[in-house]
Structures are given as C-alpha cells and as structure tokens.
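Grab a pencil and have the 3D view ready. Below are a few exercises, each followed by a worked solution.

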Amino acid sequence: MDIEEYFDESNYLNEDKTLKEKCFILYHSHPNWQEIPRDQTLIIYQDFSFEMKLFWYKFPLKKRLFSSYKSNLIPENIFEILRELNALETLKIKNFYTSKTEKYSPEGLSEDSYQINHNGKNHSINMSSYWTDETLFISNEEKCFLKLHKSLFEWKNELYESIIKLHI
C-alpha cells in the first residue's frame, strides 16, 4: 500500500465527508502531547467488519510510519454494543461532549471524533478522551454511545499495541 492509498477516504466517505452507506462508524483518535504520537482511524462497516489505519513513529526513524489492518471479526463486547446502538429507533446525541467550558478544546488535549451512520442519518460527535464528564450523557442513546466510546477507546489501544509489536 502506498501513501495515496492510505489517505484515500473515498472507500468510506462521500464527497461531502458524510459516511458512505456501507459504513456504520468512523472513529478517529488523536492523543494528547504526553502520549506516544499517533493517529488512529477505525472504520466499522455495516457488516461489522473493520479497518484500522494508524500513523505512528518509531525511534530512531524520523519519518511517520503508517499501517493498516483489516478484519471481519470484532470483539464480542463491541459487537453487542453496536447491535444495541443499531437497534435504537432514533439517535439523539450532541455534537460536542466536554466538561470544559470552552467551546473548542485547547491544544494538548486528546481528541476523539466519531461519525455514525444511524438509519441513514449521519451524526458527528467530538470529545476529549480524558476531559469528558460522564454525567453529560443523560439519555439512553447517550449512555449507549458512552459505553461504545469506552469500549472502542480500550480496543483501539489494544490494536495499536498489537500492530506496533509486529515491527519491533
């Protein structure tokens, strides 16, 4: 895979940057400056297969590395949460969840963004992994999303560790 293929979003995004019909969730995570520098993008398709795209660094190399991993097997706990989310009749969810009072997060905070294709309607959600107050998630839809976020956050870290171990 070359770098152009890696950046080719046309497999999962429409021209207007909404998710294609075959996609269920796009999860992008960018950690804060204290963590190992990396960007992760996880695409979960309607058939529950997934693709992980990873930008990362490895000392002493000075260039960015990229890896991609595809599979049709997601963890059972995430599968169950996705089924629960998919079964919701509507998805009423905010665009921004943070316990900070600023409208935009200051530099140095982690950033997690989601696009969810729920019943043909796209939803965008932005949050910080570490600065989100769980009491902001009030409705059943929001609580289901929070459960998904926690599980995906943990899983994407496990995927990251597994991928970089291949290159040690």
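**Exercise 1.** Work out which residues of β2 point one way and which point the other way, and whether they are buried or exposed.

*Solution.* Keep in mind that this is a predicted model.
- Step 1: recall that side chains in a regular strand alternate between the two faces of the sheet.
- Step 2: sort the residues. Arg 38, Gln 40, Leu 42 and Ile 44 point one way from β2, while Asp 39, Thr 41, Ile 43 and Tyr 45 point the other way.
- Step 3: check accessibility, where buried means under 20% relative accessible area. Both sets turn out to be buried.
- Step 4: conclude. Since 8 of the 8 residues of β2 (residues 38-45) are buried, this strand is largely enclosed by the rest of the structure.

**Exercise 2.** Find the strands that pair with β2, and say in which sense they run.

*Solution.*
- Step 1: look at β1 (residues 23-30). β1 and β2 are antiparallel and share 6 bridges. Leu 26, for instance, has Ile 43 of β2 as its bridge partner.
- Step 2: now try β3 (residues 50-56). Here 7 bridges link β3 to β2, again antiparallel. Asp 39 has Phe 55 in β3 as its bridge partner.
- Step 3: check the turn. The hairpin of β2 and β3 has 4 residues between the strands, and Phe 48 takes a positive phi near 70 degrees there.

**Exercise 3.** Put the strands of the sheet in order, then decide which strands stand at the edges.

*Solution.*
- Step 1: carry on from β3, which is joined to β4 by 7 bridges in the antiparallel sense. One of the partner pairs is Leu 54 with Ser 67 of β4.
- Step 2: write out the whole row. You get β4-β3-β2-β1-β6-β7-β5, an open sheet of 7 strands with mixed pairing.
- Step 3: read off the ends. β4 (65-71) and β5 (96-97) each have a single partner strand, so one side of each is left without a neighbour in the sheet.

**Exercise 4.** Describe where α2 lies and which of its residues are buried.

*Solution.*
- Step 1: place the helix. α2 (residues 76-87) lies across β1, β2 and β6 (111-118), at about 120 degrees to β1.
- Step 2: list the buried residues, which are Ile 78, Ile 81, Leu 82 and Leu 85. Looking down the axis of α2, you'll see them fall within an arc of 100 degrees, so they line one face of the helix.
- Step 3: find what they touch. The buried residues of α2 pack against β1, β2, β6 and α3 (140-165).
- Step 4: flip to the other side of α2, where Glu 76 and Ala 87 are exposed.

Methods. Residues numbered from 1 in each chain as written. Predicted model: local features only at pLDDT ≥ 70, side-chain atom pairs only at ≥ 80, totals over all residues. Heavy atoms only, no water. Buried < 20%, exposed > 50% of the residue type's maximum accessible area, 1.4 Å probe, protein only. Helix = DSSP H or I, 4+ residues; strand = E, 2+ residues; numbered from the N terminus. Pairing = 2+ DSSP bridges. Contact = heavy atoms within 4.5 Å. Axes fitted to C-alpha atoms, helices over the stretch in contact; angles between N-to-C directions. Arc of directions from axis to C-beta.
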